[in-house]
Amino acid sequence: MGEATQQTFKLVIEYDGSGFHGWQRQKKDRTVQETIENALAVMTREKVTVIGSGRTDAGVHALGQVAGFKTRSRLDARVFLTGLNSLLPADVVVRTCDPMPDTFHARFDVASKHYRYHILNRPIAPAIGRQFVWHIRKPLDTAAMAEAAVILLGTHDFKAFEGTGSPRDHSIRSVTDSTLRITGDGNLTYDIQANGFLRFMVRNVVGTLVDVGVGKIDKQDVQAILQSKDRSRAGATAPPQGLFLMDVIYA
């Protein structure tokens, strides 16, 4: 029999990032990428590299992370879906597995990504779900935050919201959605979609919006912060547990 031809698959992955040191494989720490690669190695008896649509930081969650892998295994997509979910720990689930053309690349083919950040604004901290929200006791001016969020729409240089030490050619990104919603009982969600994100960009934007909400930054100053390209003028980095990668969109 001849050698099996290579197959390419696309995974859509959901995970609770609380117990992971982010997506990308590390030498010592537990990561999502390595966890999935270990499960695939059991199924295929190969060393399989799983390429994600991008990194998520330690403590950040995902409902729609996308990854791709190539294998010479003859197993089909349905078998991979069932087998992976039987091998993976409870905090990682493969939602879909689909065969793709060999040209598919989970990172390079991305058109845009959608992130959502959850805030709980009330005096009493939650016991249930505390690992999925940023709890803020001080009352927030949500109307001012919502107005400030709109300022970020469009194509801008987001250098002021970039984490230090980021190896990027440029910091210009196009934001197509930047919306704060009040969902009741002190729950706020912030949605942002763009053609790409800088390191810590979403969490730095959220930290800035919260500073607007508590009156530390005037909503009109967000435009000046954006134009300044000065990270020191923006708010502190929001904690990771409120952040979810919701969806990855391909052209």
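**Positive patch.** I looked for clustered charge on the surface of this predicted model. R55, R107, R168 and R199 form a patch of positive charge there.

**R55.** I asked where R55 is found. R55 belongs to the loop that links β2 (51-52) with β3 (61-71). I then checked whether R55 is exposed or buried. Its relative accessibility is 61%, and the cut-off for exposed is over 50%, so R55 counts as exposed.

**β3, cover.** From the loop I moved on to β3, one of the two strands that flank R55. How many of the residues of β3 are buried? I noted 9 of 11, so by the cut-off of under 20% relative accessible area the strand is mostly covered.

**β3 with β1.** Next I went through the pairing of β3. Strand β1 (residues 7-15) runs antiparallel to β3, and 8 bridges join the two. Within this pairing I found V12 opposite V66 of β3.

**β3 with β2.** β2, on the other side of the R55 loop, is also antiparallel to β3 and is joined to it by 2 bridges. I looked up the partner of G52 and found A67 in β3.

**β3 with β10.** In which sense do β3 and strand β10 (residues 243-250) pair? I recorded a parallel pairing over 2 bridges. Here H61 has F244 of β10 as its bridge partner.

**Summary of the entry.** R55 is exposed at 61% relative accessibility and sits in the positive patch with R107, R168 and R199. The loop of R55 leads to β3, where 9 of 11 residues are buried. I have β3 paired with β1, with β2 and with β10.

Methods:
Residues are numbered from 1 along each chain as its sequence is written. This is a predicted model: local features need pLDDT of at least 70, side-chain atom pairs count only at pLDDT 80 or more; totals for chains, interfaces and linings use all residues. Side-chain values use heavy atoms; hydrogens and water are left out. Patches are made of residues with over 30% relative accessible area and no salt bridge: like charges are joined within 9 Å, nonpolar side chains (Val, Leu, Ile, Met, Phe, Trp, Tyr) within 5 Å. Accessible areas come from the Shrake-Rupley method with a 1.4 Å probe; for residues, only the protein chains shown count as cover. A salt bridge is a side-chain nitrogen of Lys or Arg within 4 Å of a carboxyl oxygen of Asp or Glu. Lys and Arg count as positive and Asp and Glu as negative; His and the chain ends are not counted. The place of a charge is taken as NZ of Lys, CZ of Arg, CG of Asp or CD of Glu. Helices (H or I, at least four residues) and strands (E, at least two) are DSSP runs, numbered from the N terminus. Buried means under 20% relative accessible area, exposed over 50%, partly exposed in between (1.4 Å probe, protein chains only). Two strands pair if DSSP finds at least two bridges between them.
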